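Hi everyone, thanks for coming. I'd like to walk you through a structure today, so have a look at it first and then we'll go through it together.

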Amino acid sequence: MELLERFAGGEIEAFETLFQSHQADVYRWVVCLVRDPAAAEDLTLEAFWRIYRAHARFDPARCFGAWARRIATNLAMEHLRKAGRAVMVGEEMLEAQPCPPAPDSAVLADTRAALRRAFASLPVKLEAVAALVLLEQQPYTEVASALGISVEAVKSREFRAVRLLRKELKEMGVEL
Amino acid sequence: MNDHDREKLAALLKSALPPMRDRALPGDLWPKMLRRLDRRPVRFAWFDFALAGMAAAGFIAFPSVIPWILFQF
């Protein structure tokens, strides 16, 4: 019997095999969305727990990876909504992955701080698209599939996110 | 908004919020997953209890069906 069929039948060994081959992908996707490694780890585990519970509803003809990512995305969005602002915007994150120094670093530092505040003020739906498309450069099709919306809707959300970011930045006195 | 504006904003965003896509998984999560699978108690929904109650009521009301059901196994 195929692996996906065995998983759909509730076989734990099949689930383990799928977990091992997809955990890194799901974690990477979730960490891109929530931008908090510890929360991403918990959310990855919770996503797989829900996946395991939903095994009977899984259609073996479908792509497991896309299904897992969709469940994880829903959880991550839920987490962002509950947390209010779960995006890690603190300086510790910048220290963890330092940016190359720029000659006009004082001006840039202000702009970056304004951008982080503007990003944190985005509605969750727009924030998710901004994080995945603008920041992480994920393909529109993958973002659309994970969010369960069309590519056009992703582009529309991206457009609205950019417009809102520019507006917020303008109000903070930063012109792009 | 044109593509140039978008690219400029994206570049600035990346400098303010470092991309996370290359962040590696902090080790194999399977042991934690196993602990979670073991820890979670089996939960019954109200529907399960309702179904069990209906079956019990059915057996009490029509005890003659019990041998017939047992015969099916």
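**Two chains, one predicted model**

Okay, let's start with how far we can trust this. It's a predicted model, and chain A averages a pLDDT of 86, with 85% of its residues scoring at least 70. There's a weak patch, though: across residues 86-98 of chain A, pLDDT stays under 50, and for that stretch the model has 18 contacts beyond four places in sequence. Chain B has a mean pLDDT of 85, and 92% of its residues reach 70 or more. For the complex, the predictor gives an ipTM of 0.76 and a pTM of 0.75.

Now, chain A. How is chain A divided? We get domain 1, residues 3-83, and domain 2, residues 91-171. Those two touch each other: 11 residues of domain 1 are in contact with 10 residues of domain 2. On the domain 1 side, the elements giving two or more residues are helix 2 (12-34) and helix 4 (64-83) of chain A. Helix 4 of chain A has the largest share there, 7 residues. And if you sort that side of domain 1 by class, you find 6 nonpolar, 1 polar and 4 charged residues.

Let's stay with helix 2 of chain A, as it has a few things to show us. A straight helix of 23 residues would span 33 Å, but helix 2 of chain A spans only 29 Å between its end C-alpha atoms. Where does helix 2 of chain A bend? Look at H22(A): the bend there is about 50 degrees. Then, just after helix 2 of chain A, R35(A) takes a positive phi of about 60 degrees.

On to chain B. From the N terminus, its elements run α-α-α-α, so to speak a simple list: 4 helices and 0 strands. Is chain B compact or spread out? Its radius of gyration is 29 Å, well over the 11 Å that the globule rule gives for 73 residues, so chain B is more spread out than a compact globule. Its C-alpha atoms fill a box of roughly 80 × 35 × 20 Å along the principal axes. Confidence in chain B is lowest in helix 1 (residues 3-16), at a mean of 84, and highest in helix 2 (residues 30-39), at 90.

Last stop: where the chains meet. The contact takes 36 residues from chain A and 25 residues from chain B. On the chain A side, helix 2, helix 3 (37-53), helix 5 (91-96), helix 6 (105-120), helix 7 (124-135) and helix 9 (151-171) each supply at least two residues. Which helix of chain A gives the most to that side? That's our bent friend, helix 2 of chain A, with 9 residues. By class, the side of chain A that touches chain B has 22 nonpolar, 5 polar and 9 charged residues.

Terms used
Residues are numbered from 1 along each chain as its sequence is written. Chains are lettered from A and ligands numbered from 1 in the order in which they are written. This is a predicted model: local features need pLDDT of at least 70, side-chain atom pairs count only at pLDDT 80 or more; totals for chains, interfaces and linings use all residues. Domain bounds come from an automatic or database domain assignment. Two residues are in contact if their C-beta atoms, placed from the backbone, lie within 7 Å. Ala, Val, Leu, Ile, Met, Phe, Trp, Tyr, Cys and Pro count as nonpolar, Asp, Glu, Lys and Arg as charged, and the others, Gly among them, as polar. pLDDT is the predictor's confidence in each residue, from 0 to 100. The expected span of a helix is 1.5 Å times one less than its number of residues. The bend at a residue is the angle between axes fitted to the seven residues ending there and the seven starting there. The radius of gyration is taken over C-alpha atoms; the globule rule is 2.2 Å times the number of residues to the power 0.38.
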